[in-house]
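Trainee: I have a new structure open and want to learn how to read it. Can we go through its features together?

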Amino acid sequence: MPKRELQAAPVDPGAMPHINTSEIPKHVQFSLAQAAYNAIQQDLQRPEFQEGFRRWKAEREAKGLA
């Protein structure tokens, strides 16, 4: 399978819904946070993710943002 460069999709800030997080029950907040954490942990194990992260970090350092 050929490698593809991942890019963020452009977002129109005016089209984004407002979410009042204080209205989300704590147990749902915890479940969402746990799911996000698990997904990030899995991604961090993938070599292509690590390569992309190193490239992103080097670009930030070159711009003096690190």
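Trainee: Let me begin with Arg 46. Is Arg 46 buried, partly exposed or exposed?

Mentor: Remember first that this is a predicted model. To judge exposure, look at relative accessible area: buried means under 20%, and exposed means over 50%. Arg 46 has 32%, so it is partly exposed.

Trainee: Where does Arg 46 sit?

Mentor: Look at the loop between α1 (26-44) and α2 (47-62). Arg 46 is found there.

Trainee: Which side chain makes a polar contact with the side chain of Arg 46?

Mentor: That of Glu 48, at 2.9 Å. The pair is also a salt bridge, with the closest N and O atoms 2.9 Å apart. Glu 48 is partly exposed, because its relative accessible area is 42%.

Trainee: How do I recognise a salt bridge?

Mentor: Look for a side-chain nitrogen of Lys or Arg within 4 Å of a carboxyl oxygen of Asp or Glu.

Trainee: How many salt bridges does a search of the whole structure find?

Mentor: It finds 3. You have just met one, between Glu 48 and Arg 46. Arg 46 forms another with Asp 43. There, the closest N and O atoms are 2.6 Å apart. Asp 43 has a relative accessibility of 28%, so it counts as partly exposed.

Trainee: Which residues meet in a salt bridge at 3.5 Å, N to O?

Mentor: The side chains of Arg 55 and Glu 51. Now a general idea about helices. An α-helix has 3.6 residues a turn, so residues three or four places apart point the same way.

Trainee: How far apart in helix α2 are Arg 55 and Glu 51?

Mentor: They are 4 residues apart, so about one helical turn separates them. Arg 55 counts as partly exposed because its relative accessibility is 34%. Glu 51 counts as partly exposed too, at 32%.

Trainee: Which residues do salt bridges with shared partners join into one network?

Mentor: Asp 43, Arg 46 and Glu 48.

Trainee: Now the nonpolar side chains. Which residues form a nonpolar patch on the surface?

Mentor: Look for nonpolar side chains that are accessible and lie within 5 Å of one another. Here the patch is formed by Ile 40, Leu 44, Phe 49, Phe 53 and Trp 56. Together they have about 470 Å² of accessible area.

Trainee: Which elements give two or more residues to the patch?

Mentor: Both α1 and α2 do. The largest share, 3 residues, comes from α2.

Trainee: Take two of the patch residues, Phe 49 and Phe 53. In which helix is Phe 49 placed?

Mentor: In α2. Its relative accessibility is 32%, so Phe 49 counts as partly exposed. Phe 53 is found in helix α2 too. Phe 53 is partly exposed, because its relative accessible area is 43%.

Trainee: What separation is there between the C-alpha atoms of Phe 53 and Lys 3?

Mentor: They are separated by 15 Å. Along the chain, these two residues are 50 residues apart.

Trainee: How do I check the span of a helix?

Mentor: Compare its end-to-end reach with the span expected at 1.5 Å a residue. Helix α2 has 16 residues. From its first C-alpha to its last, α2 reaches 23 Å, close to the expected 22 Å.

Trainee: What comes just after α2?

Mentor: Look at the phi of Gly 64. Gly 64 takes a positive value there, about 75°.

Trainee: Let me step back to the whole protein chain. How many helices and strands are there?

Mentor: Count 2 helices and 0 strands. Next, compare the radius of gyration with the globule rule. The radius is 17 Å, well over the 11 Å that the rule gives for 66 residues, so the protein chain is more spread out than a compact globule. Its C-alpha atoms fill a box of roughly 40 × 30 × 30 Å along the principal axes.

Trainee: What percentage of the 66 residues is buried?

Mentor: Buried residues make up 0%. The accessible surface of the protein chain comes to about 6,500 Å². Carbon and sulfur atoms account for 60% of that surface.

Key. Residues numbered from 1 in each chain as written. Predicted model: local features only at pLDDT ≥ 70, side-chain atom pairs only at ≥ 80, totals over all residues. Heavy atoms only, no water. Buried < 20%, exposed > 50% of the residue type's maximum accessible area, 1.4 Å probe, protein only. Polar contact = N/O pair within 3.5 Å; in protein donor to acceptor, adjacent residues only side chain to side chain. Patch = residues over 30% accessible without salt bridge, like charges linked within 9 Å, V, L, I, M, F, W, Y side chains within 5 Å. Areas by Shrake-Rupley, 256 points an atom, 1.4 Å probe, with all protein chains shown as cover. Expected span 1.5 Å × (residues − 1). Rg over C-alpha atoms; globule rule 2.2 N^0.38 Å.
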